[in-house]
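User: Please take a close look at one aspect of this model, its salt bridges, and set it against the chain as a whole. How many salt bridges does a search of the whole structure find?

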Amino acid sequence: MCLKSNEPVWGVTDLRLAFPQKKDMFFKDLSFNYQKGEKILFLGPSGCGKSTLLQVLSGLIPKSVPLPVHTEKLSIPKSWGFIFQDPDTQFCMPYVDEEIAFVLENRRIDPKKMPGLIHDYLKLTGLDFSDPHRLIRTLSGGMKQRLAIASVLALEPEVLFLDEPTALLDPDGTEQLWETVRRISKGRTLLIVEHKISRILDLVARIVLFDPDGRILADGPKDQVLEQYRDELDAYGIWHPDAWPAYERRRPVPIRRQKHEEPILDLKNFSVYHGRTKCFTVPELHLYRGEWVAVIGKNGAGKSTMVEGIRSLVRHEGIMHWYLDHKEEDVSFVFQNPEYQFVTDKVEDELGFSLKLNKLPVSEIEKLVTRSLEQFALTQQRTTHPYQLSVGQKRRLSVAASLIDRPQAVILDEPTFGQDARNTFALLDLFQSLVDGGTTVIMVTHEMEIVRRFATRVLTVADGRLIGDSRVPASGRGEETENGSRYHRHQ
């Protein structure tokens, strides 16, 4: 990529990097440079190293993340901010206002000016709290991500590194966030890793495309890269504007709709609590075997609270009856944050953990683990520590480990978070095969394309209540859906 010589240039020359327990070097003599004011999008398949390169370019690797790195030259901007995929990894303080105040204190801002600045940064990212002195842990995932961006903006950085900042946001939140980035982007340099590219193509001018091995396949004007490398975008699972229609065209069989009459879960006067606070309530709900239930609603509506309650992960009251012999074995749960459920130090051991508990023969465990590694594109990560995986790989591992012993019901909290198109479609095909076999899938999701194309039933949550419940007829597949607006409302 040709750069203007009159602007400061940052970047790296001949980068080599090694991960623990890996024999081969990653990034074999990779070189990348950029200059002030550029808006650049990194594209590539999950696990190709996009996020790792951002951390090298910012200096987080190796200063904060001690990995063996060799470069001929590394130039890092003096003023920069980093937005991570998981906002929980970057908070320093327990309260919202204290998190931003911490940044302002480091900038030596007059304490008298801090309340006004804190309000301004929160409002800029859509967090217009009447009282910002609230615990961060009580926020939804999307709210936490907006707070992370607000705290980084408080640094007034020259360069922003954005590592999938909208992964945990609903459609409205995603649009609001990118509008915020547009407003604050003037005069700033942006380096972005993002799967949902349709919303930001007007923001970026340059695209860098990586192959699965972390090599730069293309680097140039966005229109040129998107046009000349369309086959690679499809092969790598890049979320381009035609990804969903292309997937529908190659699906061999349409979704089969069945009558669902055998009950699997009954709720009556059911409430879920965080501490002493009632966070979700539903007067009555009946779910059935073989349903694909989508749980939708805005960030903070209570979706995760609802599914955590029906899996007995948090305190609840009222009647909850599972029509199963062994609820602990027959109902699997996949957390929004996959790290919450990892219990071993190798991918293969994580997959085999529940099988060993069930005392399956060693040969059968090996067979099931190998098949699952192949099915979820994790074969090369077999001996890797789960925490060393990319976010997308962690998500696939958490789903794989939860499904390996074929539960009768599976509860998934944002299972496609952080996934490229190829792996998203593979997961959806897998979930559809489970549903076709009689498994009940209960999925919290912000992806309305999934709701439109797969759900047999949609539950809409708002303000800690179930306000919508509708079965979707076979003829309804693919119709427009806006946050449950065409569904029957519970009052």
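Analyst: A salt bridge is counted here when a side-chain nitrogen of Lys or Arg lies within 4 Å of a carboxyl oxygen of Asp or Glu. By that criterion, a search of the whole structure, which is a predicted model, finds 25 salt bridges.

One of these pairs joins D29 and R16, whose side chains meet with an N to O distance of 2.8 Å. The pair links distant parts of the chain, with D29 in strand 2 (residues 26-35) and R16 in strand 1 (residues 9-17), 13 residues apart. D29 counts as partly exposed because its relative accessibility is 37%, and R16 is likewise partly exposed, at 37%.

A second pair is formed by R230 and D242, where the N to O distance is 2.9 Å. Since R230 belongs to helix 8 (residues 230-236) while D242 sits in the loop between helix 8 and helix 9 (243-250), this salt bridge ties together parts that are 12 residues apart in sequence. Neither partner is buried: R230 is partly exposed at 33% relative accessibility, and D242 is partly exposed with a relative accessible area of 25%.

The third pair, E291 and R471, has its closest N and O atoms 3.6 Å apart. E291 lies in the loop between strand 12 (277-288) and strand 13 (292-296), whereas R471 is part of strand 19 (residues 465-471), so the pair ties together parts that are 180 residues apart in sequence. The two partners differ in their surroundings, for E291 is buried with a relative accessible area of 0%, while R471 is partly exposed at 45%. Returning to R230 and D242, these residues also belong to a network in which salt bridges that share partners join R230, D234, D242 and R249.

As for the chain that holds these pairs, the model has 16 helices and 19 strands. Its radius of gyration is 23 Å, close to the 23 Å that the globule rule gives for 491 residues, so the chain is as compact as a globular protein of that length. Along the principal axes, the C-alpha atoms fill a box of roughly 70 × 55 × 40 Å. Buried residues make up 55% of the 491 residues, and among contacts with a separation of 6 or more, 69% are between residues 24 or more positions apart.

The nonpolar side of the surface deserves a word as well. Of an accessible surface of about 22300 Å², 49% belongs to carbon and sulfur atoms, and V343, F353 and L357 make a nonpolar surface patch of about 300 Å². V343 is placed in the loop between strand 15 (331-334) and helix 12 (347-357), and it counts as exposed because its relative accessibility is 52%. Helix 12 also has buried residues, namely V347, E350, L351, G352, S354 and L355, and what covers them includes helix 13 (362-375) and helix 14 (391-403).

Finally, a note on confidence: the mean pLDDT of the chain is 88, and 91% of its residues reach 70 or more. Over residues 479-491, however, the pLDDT is below 50, although this stretch has 37 contacts in the model beyond near neighbours in sequence.

Methods. Residues are numbered from 1 along each chain as its sequence is written. This is a predicted model: local features need pLDDT of at least 70, side-chain atom pairs count only at pLDDT 80 or more; totals for chains, interfaces and linings use all residues. Side-chain values use heavy atoms; hydrogens and water are left out. Patches are made of residues with over 30% relative accessible area and no salt bridge: like charges are joined within 9 Å, nonpolar side chains (Val, Leu, Ile, Met, Phe, Trp, Tyr) within 5 Å. Accessible areas come from the Shrake-Rupley method with a 1.4 Å probe; for residues, only the protein chains shown count as cover. Helices (H or I, at least four residues) and strands (E, at least two) are DSSP runs, numbered from the N terminus. Buried means under 20% relative accessible area, exposed over 50%, partly exposed in between (1.4 Å probe, protein chains only). The radius of gyration is taken over C-alpha atoms; the globule rule is 2.2 Å times the number of residues to the power 0.38. Contact means heavy atoms within 4.5 Å. pLDDT is the predictor's confidence in each residue, from 0 to 100.
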